[in-house]
Amino acid sequence: MTLQELSAQVAADFEKHYGRPPRWIVAAPGRVNVIGEHTDYNDGFVLPMAIERYALMAADTASAPGKISVYDTHFKESASIDITAPVTKGQPKWSNYIRGVLAGFQNRGQQIPALDVAFKSTVPLGGGLSSSAALEVCTATLMEAATGKAIDPVEKALLAQKAEHDFAGVPCGIMDQFISALGQKGQLLLLDCRTRKTQLVPMSDPSVALLVVNTNVKHELGSGEYAKRRAECEQAAKIIGVASLRDATADQLDQAKSKMPEVVYRRARHVIGEIERTTLAAEGIRQSNWPTVGQLMYASHYALRDDYEVSCKELDIVVQIAEDIGYKGGVYGCRMTGGGFGGCCVALVKADAVDAITKKIAADYRAKAGIDAAIFSSRPAAGATIIKG
Ligand code: GLA
């Protein structure tokens, strides 16, 4: 569904629920990370793109003062958020992403307007495509629309990231919120997570496409393991004697190998290799050198599977199927994307083979994993926008 169609739907949902049309409509996309996994909190590079899957909000000034009501059109339940005092965590659980962003605006000294809101999302929930970052950035964009005060997109992304840290308890890096706020149509974003400088990398060659393969599994150990990986990376950097793994070379790591637990060594080996792979892949994409980009994606997957240990059986099955289809069948490369432990893979494929590859992956994944995958392709989408108001 196009953004226009989705926007008409959320407007209709708003009108049905609140009995009047909305004054504002905003949207923020989910993302798929092409390469650069678990590098953002190591001050490294990431190369995500915004996808044509969105969190949307339609809103109007509230009929009752002092609160923001958010109606979730999917779960058909409402959250009522008191804005007369500092916004705190509360129920339902999903409202915490919104609450966190509202608290961020309050901390900036901004007055939060009382609003009636309808919310809709086409970013698969918990699928590793940043449904939470899309919701956070969408909320921040609604605040911009409703207050008439735009904020710098980098500040907006940081505010959304803080919401995830403080209200959802996930010590995430900056990638997801950045791409949702700063994505540009037709472009990947090469983000230097240390300097926060971004470079656009055009992804406009019509001969290739990116396929997102959702394994439709999510293993619960995810968030605890994420924090553990972060700590192991910090430990490795400390032992090597650098501020972060961004500053370490493979040689330095090898010299320090005997001073660190084997598992910490492998974590660092992934991160150092992945930072290099990410800049090489950006170069490869600029040159439309698809075989090279594809090889870098496979290498990323193996390191995430073997050294970083954040893959899972289902993700590995998808990558294996992609490898079996191979270059001759139109697949350049494939890897898990996002935090791991379930969620999605991203595959770089020949555009004219998309249909055949989709069918083959769907059939083989069902046969091997016993689960139906959800597969779609997306062009790089624009970041958060105010559609109306
Ligand atoms: C999650 C986090 C990101 C990033 C990825 C792994 O998506 O939110 O900040 O660390 O995992 O690359």
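The points below concern a predicted model and go from the chain as a whole to one residue, Thr-278.

1. On overall dimensions, the radius of gyration of the chain is 21 Å, and this agrees with the value near 21 Å that a compact globule of 389 residues would have. Taken along the principal axes, the box filled by the C-alpha atoms is roughly 60 × 50 × 40 Å.

2. As for the fold, the chain contains 11 helices and 12 strands. If one considers the contacts between residues at least 6 apart in sequence, 73% of them join residues that are at least 24 apart.

3. Turning to burial and surface, 58% of the 389 residues of the chain count as buried, while the accessible surface comes to about 15700 Å², with 50% of that area belonging to carbon and sulfur atoms.

4. The charges may be of interest to anyone preparing an electrostatic description: the chain carries 43 positive and 43 negative charges, and the mean positions of these two sets lie 2 Å apart.

5. Where in the secondary structure is Thr-278 placed? Thr-278 belongs to helix H8, which covers residues 262-286. Because its relative accessible area is 0%, and the cut-off for burial is under 20%, Thr-278 is classed as buried.

6. The surroundings of Thr-278 can be listed once its neighbours within four places in sequence are left aside: the residues in contact with Thr-278 are then Ile-35, Gly-36, Phe-45, Val-46, Leu-47 and Leu-190.

Key. Residues are numbered from 1 along each chain as its sequence is written. This is a predicted model: local features need pLDDT of at least 70, side-chain atom pairs count only at pLDDT 80 or more; totals for chains, interfaces and linings use all residues. Side-chain values use heavy atoms; hydrogens and water are left out. Helices (H or I, at least four residues) and strands (E, at least two) are DSSP runs, numbered from the N terminus. The radius of gyration is taken over C-alpha atoms; the globule rule is 2.2 Å times the number of residues to the power 0.38. Buried means under 20% relative accessible area, exposed over 50%, partly exposed in between (1.4 Å probe, protein chains only). Contact means heavy atoms within 4.5 Å. Accessible areas come from the Shrake-Rupley method with a 1.4 Å probe; for residues, only the protein chains shown count as cover. Lys and Arg count as positive and Asp and Glu as negative; His and the chain ends are not counted. The place of a charge is taken as NZ of Lys, CZ of Arg, CG of Asp or CD of Glu.
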